[in-house]
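Here are some notes for a first look. Please keep the sequence and the 3D view open while reading.

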Amino acid sequence: VRNHSGTHLLHAALRRVLGPQAMQKGSLVAPGRLRFDFTHDSPLDTAQIDAIEDLANEWIQANVPANLREMAYRDAIAAGAVAIFEEKYGERVRVISFDPYSTELCGGTHARATGDIGLLKILSDSGIASGVRRIEAATGLAALAIFRDQERSLERVAAALRTSVAELPER
């Protein structure tokens, strides 16, 4: 639920930061992580990753309620819903909206509000095909566990160098 809703906010943030050509090409939603494939022709730089995370987490913090509705496919597209055009849709579709941030066609299960996601952290960006990138990310307590693991690693490196984590870059 948390990661599925997170993919929708991630997609919207990617499109806002990179442009409308950043379209979903696939995704995986698992209990501890999410994977999101999208069209883009170059690796993301640190500033882009930061901007995408900042937007998604700003929207999460806004705690906007999910709005699920069923409507005619034509009406959904006319209302601005994003569809994955490789997929086949029937005449009636489900639309998930975290208004005003994200509106997409989707039949999945979602969080009741963006705040239920907790946090979204991008873990990696890689190329998987010509013009297709893959983002791996975590949400909620899984993201917190990753932060803690990284913090412990930094503490071990700092201890080995007999310095503090804050002084590691100088060291």
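1. Start with strand 4 (residues 92-98) and strand 5. The two run antiparallel, and four bridges join them. This is a predicted model. Together strand 4 and strand 5 form a hairpin, with three residues between them. One bridge to look up is that of Ile96, whose partner in strand 5 is Glu104.

2. Stay with strand 5, residues 102-105. Ser102 and Glu104 point one way. Thr103 and Leu105 point the other way. In a regular strand, side chains alternate between the two faces of the sheet. Are these four residues of strand 5 buried or exposed? All are buried, whichever way they point.

3. Now turn to helix 4, residues 140-160. Does its length fit its residue count? Its 21 residues, at 1.5 Å a residue, should span 30 Å. The C-alpha atoms at its ends are 31 Å apart, which agrees.

4. Which residues of helix 4 are buried? They are Gly140, Ala143 and Ala158. Seen down the axis of helix 4, the buried residues fall within an arc of 75°, so they line one face of the helix. Their cover includes helix 1 (2-18), strand 6 (120-129) and strand 7 (132-139).

5. Check the other side of helix 4 as well. Leu141, Asp149, Arg156, Ala159 and Ala160 are exposed there.

6. Last, look at what follows helix 4. Arg162 comes after the helix, and its phi is positive, near 55°.

Definitions and conventions:
Residues numbered from 1 in each chain as written. Predicted model: local features only at pLDDT ≥ 70, side-chain atom pairs only at ≥ 80, totals over all residues. Heavy atoms only, no water. Buried < 20%, exposed > 50% of the residue type's maximum accessible area, 1.4 Å probe, protein only. Pairing = 2+ DSSP bridges. Expected span 1.5 Å × (residues − 1). Arc of directions from axis to C-beta. Contact = heavy atoms within 4.5 Å.
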